[in-house]
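This report concerns one helix pair and two loop residues. The sequence and structure come before the description.

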Amino acid sequence: MPTVSMTVNGKTVSGEVEGRTLLSQFLREGLSLTGTHIGCDTAQCGACTVHVDGVAVKSCNMLALEADGAEVRTIEGMANPDGSLGVIQAAFQEHHGLQCGFCTPGMVMAAADLLAANSAPSEAEIRAHLDGNICRCTGYHNIVKSIQAAAAQLG
Ligand code: FES
Ligand code: FES
């Protein structure tokens, strides 16, 4: 089986994968990074969103081999070095941006991608950016509020 190597949350990792192994599978099953959720496996729900070379991607829509040599960041990499919640995660907690939490890793990764490009997004820009991330619980309102709060803090 081919071997894949990449940097995940700052650590170099490698493992054997099949040609068809998805990045989401490699992260969860190969590296035990189960914060990356799989809701649909068909690139619709956004729960599996991670960053690859600084860009948000749906990791169920990318082969592990396609990420060979890449810098990957997952929700586990959004925490502070001491393990406390990072700014965006803490804003979701404070502003009730989650209920069941299933969509939350993907929402946080999508939000981080947006805030890296636009430090003060409008509500419409936030909603447009979350187009590919589905939440079945919150009605999105508090997710938007959480991202606005994180933007104000990071800004
Ligand atoms: S699991 Fe990847 S988009 Fe739903
Ligand atoms: S909080 Fe349950 S799916 Fe979003």
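Helix α3 passes α5 in a right-handed crossing, that is, the near helix is turned clockwise from the far one by less than a right angle. The contact (C-beta atoms, placed from the backbone, within 7 Å) is made by M107, A111 and L115 of α3 and by I143, I147, A150, A151 and L154 of α5. These residues divide into 8 nonpolar, no polar and no charged; Ala, Leu, Ile and Met are among the types counted as nonpolar. The axes, lines fitted to C-alpha atoms over the stretch in contact, lie 11 Å apart at an angle of about 45 degrees. The two helices are therefore oblique, a class for angles that are not under 35, over 145 or from 65 to 115 degrees.

The model is predicted, and local features need pLDDT of at least 70, side-chain atom pairs 80 or more, while totals for chains, interfaces and linings use all residues. Residues are numbered from 1 along each chain as its sequence is written, with chains lettered from A and ligands numbered from 1 in the order in which they are written.

Of the 14 residues of α3, 11 are buried, so the helix is largely enclosed by the rest of the structure. Buried means 20 or more other C-beta atoms within 10 Å, exposed 12 or fewer, and partly exposed in between. The buried residues pack against β3, β4, α2, α4 and α5.

Two loop residues other than glycine have positive phi:

| Residue | Phi | Loop |
|---|---|---|
| D41 | near 65 degrees | between α1 and β3 |
| H96 | about 55 degrees | between α2 and α3 |

D41 is partly exposed, with 15 other C-beta atoms within 10 Å. H96 is also partly exposed, with 13.

Notes. Helix = DSSP H or I, 4+ residues; strand = E, 2+ residues; numbered from the N terminus. Contact = placed C-beta atoms within 7 Å. Axes fitted to C-alpha atoms, helices over the stretch in contact; angles between N-to-C directions.
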